[in-house]
Amino acid sequence: MSGSSLDGIDLVDANFWHDGGWHFEIVTKDNFEYDHAWKKRLSDAFYMSPDELKNLDIQYGKLLGKVTKSFIDKFGLKPEIVASHGHTIFHRPQERYTLQIGDGQSIADICGVKVINDFRTEDVLKGGQGAPLVPVGDKFLFAEFQICLNIGGIANVSYDVGSQRIAYDICIANQALNFLANLKNMDYDRDGYLARNGIVDNQLLEKLNSHPYHSRTFPKSLGREFFEDNVKPLFKQESNPCPLENLMATFVEHIAIQVGKSVENQPFGKMLITGGGAKNKFLTERIQANTKHEVIIPDNDIIDYKEALVFAFLGLLRNRNEINVFKSVTGAESDSCSGKIFLP
């Protein structure tokens, strides 16, 4: 799994079993941090030409293959399949287009294992958002939590309405917080220290909260495009002399308010928070202050590797020819058994 916050490649080896319900065991896990050159290539890919993107797709597939093969060898693993999310460059479901790079054939050839990737395209071609996809895992693997909130580059939520799972992207999250931290030559704001020492700029907060996306009903999803077009310009306005800590505090409050609104009509329950944002203590405090639900922060394995775990699960379901994308989540014309298969 590689998320939009560019914090690296998460790898997990998991066992799954079914006895009337699904269960999982994380056998081992690892993280490959991108060096500066790969961070820059993946970030700059948004602006690349089609030919440059094709080349990057192959080169990134080879990187994923080498990293995965190293993980397999390091722990003596014997995987049945490798499921790869890839790295999202474009996400434009309204144009029926989404792109996650990381050539599946390159991964399969290097690892010598069946590879399943490209989990989003089929749903997008059916008129769906192609995101979020983690709710299938939320429903089957984390059923004890009434609400599952993931805070990565983008914050998304999933929960049941009646017998159907619904989910959607709430707002930009670590994409913005990390962008601001980078301005201080920091990868991220550890524990939300900078934000905690800032003062909320109510004028900026109102601009962030008033974007029409936040009042739209689901299904809906966000991509890098939203951050580039709608969030970053607010930070860069020359007329805004706001100190960096105040920008951080304001954006944390924006996330907390939008999360609170997203679950305000749900019956009281436990809200599991995962993703890098779960480690931002100030952010989770502000979320708890903006919701009636009980915020649950799990152990680090689940915080760090839940998305990788769920994409392994999506790969398993694809391998079993079972539904792994819900139309109730994405708004597609039908459920999907999604993912492309590559043999070494």
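This is a short tour of the structure, one selection at a time.

Before you click, note that the model is predicted, so local features need pLDDT of at least 70 and side-chain atom pairs count only at pLDDT 80 or more, while totals for chains, interfaces and linings use all residues. Residues are numbered from 1 along each chain as its sequence is written, and side-chain values use heavy atoms, with hydrogens and water left out.

**Stop 1: helix α2**

Select residues 50-75, which make up helix α2. (Helices are DSSP runs of H or I with at least four residues, strands are runs of E with at least two, and both are numbered from the N terminus.) How far apart should the ends be? At 1.5 Å a residue, the 26 residues should span 38 Å, and the end C-alpha atoms are 37 Å apart, which agrees. The expected span here is 1.5 Å times one less than the number of residues.

Now colour the buried residues of α2, among them L53, L56, Y60, L63, L64, F71 and I72. Buried means under 20% relative accessible area, exposed means over 50%, and partly exposed is in between, using a 1.4 Å probe and protein chains only. Step just past the helix to G76, which takes a positive phi of about 60°.

**Stop 2: strand β7 and its neighbours**

Next, select residues 147-151, strand β7. Is this strand enclosed or open? 5 of its 5 residues are buried, so β7 is largely enclosed by the rest of the structure. In a regular strand the side chains alternate between the two faces of the sheet. Here I147, L149 and I151 are buried on one side, and C148 and N150 are buried on the other.

Add residues 154-161 to see strand β8, which pairs with β7 in the antiparallel sense over 5 bridges. Strands count as paired if DSSP finds at least two bridges between them. The two form a hairpin with 2 residues between them, and C148 has S158 as its bridge partner in β8. Then bring in strand β10 (residues 270-274), which pairs with β7 in the parallel sense over 4 bridges. Look for L149 opposite I273 in β10.

**Stop 3: the cysteines**

Stay on C148, which is buried at a relative accessible area of 2%. Why is there no bond to C171? The C171 sulfur is the closest cysteine sulfur to that of C148, but at 17 Å it is too far for a bond. A disulfide is a pair of cysteine sulfur atoms within 2.5 Å, and the count by this rule comes to 0. C111 is also worth a click: it counts as buried, with 8% relative accessibility.

**Stop 4: aromatic rings**

Show the Phe, Tyr and Trp rings. They pair if their centres lie within 6.5 Å (six-membered ring for Trp), with planes under 30 degrees apart counted as stacked, over 60 as edge-to-face and the rest as tilted. The whole structure has 17 aromatic pairs. One of them is F140 with F326, edge-to-face at 6.1 Å centre to centre and 70° between the planes. F140 lies in helix α5 and F326 in the loop between α12 and α13, so the pair ties together parts 186 residues apart in sequence. F140 is partly exposed at 33%, whereas F326 is buried at 14%. Add F16, W22 and F313 to see the cluster that ring pairs build with F140 and F326.
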